[in-house]
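Here is a short report on selected contacts in one structure. It moves from ring and charge contacts to helices and cysteines.

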Amino acid sequence: MNDIAVLGAGMHPWGKWGRSFVSYGAAAARAALADAGLDWRDVGSVVGADTVRGGYPGYVAGATFAQALGWQGARVTSVYAACASGAQAIGTARAQILAGLADVVLVVGADAAPKGFFAPAGGDRPDDPDWLRFRVLGATNPTYFGLYARRRMALYGDTPGDFAQVKVKNAAAGALNPLARYRKPVSAAEVAASAVVADPLRLLDICATSDGGAALVLSSMEFARRHGHPDPVRIRAVSTVTPTYPRTVLDLPDIATDSATTASPAPHTFRASIARAAYEEAGLGPEDLSLAEVYDLSTALELEWYEDIGLCARGEGAKLLREGATALGGRVPVNVSGGLASFGEAVPAQAIAQVCELTWQLRGTAGDRQVPGARAGITANQGLFGHGSAVVAVR
């Protein structure tokens with residue numbers, strides 16, 4: 001096994017704080033170092049997940065966070081993979097540890113997000129599909145979320161009421177999480193009464209954009225044992241696979257699918273392949289999971305992830321939800337952190353934050369939202385341009 005140890009996990013609370021992303025990342029890093037019982041000078045490498053909205057320092061997040069913590073000679077790496085940036089940063093850190101380049105690596109992601117939906121960078125870029133979808137179609141992210149929801153309704157019979165119950169579930173979990181932005185239970189009636197954004201999705205079906213930060217202190221297993229961590233939470237797999245041609249389901253930011261006239265589609269969708277690669281590397285399957293943290297950009301997308309990570313068959317996500325299997329106390333709780341429904345998007349931080357939640361759950365220190373006896377968990381998300389992300393952690 002190519003396990004690495006999670007010695008520390010830390011976050012800056014999500015919200016709208018009006019400060020630089022650097023301050024959120026530095027605060028999360030200090031919290032993670034304190035959790036690990038290590039000094040900043042013990043860190044041999046810093047991997048920063050980039051933000052593209054923070055000006056030039058956002059593009060060199062590794063060095064930006066190293067400077068904020070105080071130059072001490074650590075090597076630095078900066079990673080950008082849209083919403084999968086945090087997981088790719090974890091994958092980079094793991095590679096450095098397993099290659100013997102560093103015993104201890106600090107992974108940091110943070111963002112100060114704009115109000116409203118995310119838009120592409122300015123300027124005319126007619127060869128950029130992210131720019132084109134706004135200029136040609138006016139297709140914001142919620143437009144895509146609405147299309148995914150409509151597809152589920154047409155194929156599987158999902159209803160707006162099913163989508164609303166995802167928000168109800170995640171808001172109940174988020175109310176128990178002191179780091180969440182939204183800490184208030186929500187009823188299905190409140191979801192139904194919120195404004196329509198992209199039919200059939202309403203305002204409370206779609207996650208907000210937020211400020212926040214998350215960090216992990218990762219090490220070799222040998223270092224962990226030498227420094228008083230005989231049984232740490234371990235990262236056992238990191239999947240960052242890309243799609244397989246042809247892609248026959250529309251996905252962000254594309255405005256057309258690949259043709260399947262001359263080539264048959266892959267046996268699994270892109271999102272399903274992300275989790276499958278993680279399971280294969282970890283030597284585990286969905287039946288081994290205690291919990292999962294998935295990327296609920298919208299309530300309908302969470303139902304899709306249930307199927308993509310193998311918790312149920314295709315089209316049975318809403319049924320699994322109705323049975324209570326994915327709620328706290330259920331068979332495989334999903335998004336016990338509260339998910340993006342309770343946090344909102346802080347893009348470079350969110351895949352790291354998912355692993356923070358797995359760490360606390362697997363340690364048994366998650367408080368009122370603790371999943372009893374948690375032993376294995378998976379995270380899953382995806383970013384623009386074919387960036388996939390899944391992390392398997394075990395105890």
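The charged end of Arg271 sits over the ring of Tyr148, at 5.5 Å from the ring centre. Arg271 also has its charged end over the ring of Trp305, where the distance to the centre is 5.8 Å. The model is a predicted one.

**Helix H11**

Trp305 is one of the buried residues of H11. This helix spans residues 299-308 and is mostly covered. How many of its residues are buried? The count is 10 of 10. Charged side chains are on that list too, including Glu302, Glu304, Glu307 and Asp308. Among the other buried residues of H11 are Thr299, Ala300, Leu301, Leu303 and Tyr306. Just after H11 comes Gly310, with a positive phi of about 85°.

**Aromatic pairs**

A pair of aromatic rings is described by the distance of the centres and the angle of the planes. Across the whole structure, the search finds two such pairs. The table gives their geometry.

| Pair | Centre to centre | Angle between planes | Class |
|---|---|---|---|
| Trp14 and Phe343 | 5.3 Å | 85° | edge-to-face |
| Phe21 and Phe65 | 6.0 Å | 80° | edge-to-face |

Why does the pair of Phe21 and Phe65 count as edge-to-face? Its planes stand at 80°, and the class needs an angle over 60 degrees.

Both rings of this pair are in helices. Phe21 belongs to H1 (residues 21-36) and Phe65 to H3 (residues 61-69), so the pair links distant parts of the chain, 44 residues apart. Phe21 has 5% relative accessibility and counts as buried. Phe65 is buried as well, at 1%.

The pair of Trp14 and Phe343 joins a strand to a helix: Trp14 lies in S1 (residues 4-15), Phe343 in H13 (residues 339-343). These two residues are 329 apart along the chain. Trp14 is buried at 2% relative accessibility. Phe343 is buried at 6%.

**Arg30 on H1**

Helix H1 also holds Arg30. Is Arg30 buried, partly exposed or exposed? Its relative accessibility is 46%, so Arg30 counts as partly exposed. Setting aside neighbours within four places in sequence, Arg30 is in contact with Ala68 and Leu69. The C-alpha atoms of Arg30 and Leu69 are 8.2 Å apart, with their positions 39 residues apart along the chain.

**H4 against H14**

Two packed helices are described by the angle between their axes and the distance between the axes. H4 (residues 85-98) and H14 (residues 347-363) pack at about 65°, with axes 5 Å apart. Which residues meet here? From H4 come Ser85, Gly86, Ala87 and Ile90; from H14 come Pro348, Ala351, Ile352 and Val355. The residues of this contact divide into six nonpolar and two polar, with no charged ones.

**Cysteines**

The count of disulfides is zero. For Cys83, the nearest cysteine sulfur is that of Cys207, 8.4 Å away. A disulfide needs the two sulfur atoms within 2.5 Å, and Cys83 is in none. Cys83 counts as buried, at 12% relative accessibility. Cys356 is in no disulfide either; the nearest cysteine sulfur belongs to Cys83, at 17 Å. Cys356 is buried, with a relative accessible area of 0%.

Terms used:
Residues numbered from 1 in each chain as written. Predicted model: local features only at pLDDT ≥ 70, side-chain atom pairs only at ≥ 80, totals over all residues. Heavy atoms only, no water. Axes fitted to C-alpha atoms, helices over the stretch in contact; angles between N-to-C directions. Helix = DSSP H or I, 4+ residues; strand = E, 2+ residues; numbered from the N terminus. Contact = heavy atoms within 4.5 Å. Nonpolar A, V, L, I, M, F, W, Y, C, P; charged D, E, K, R; others polar. Phe/Tyr/Trp six-rings, centres within 6.5 Å; stacked < 30°, edge-to-face > 60°. Buried < 20%, exposed > 50% of the residue type's maximum accessible area, 1.4 Å probe, protein only. Lys NZ or Arg CZ within 6 Å of the ring centre and 35° of its normal.
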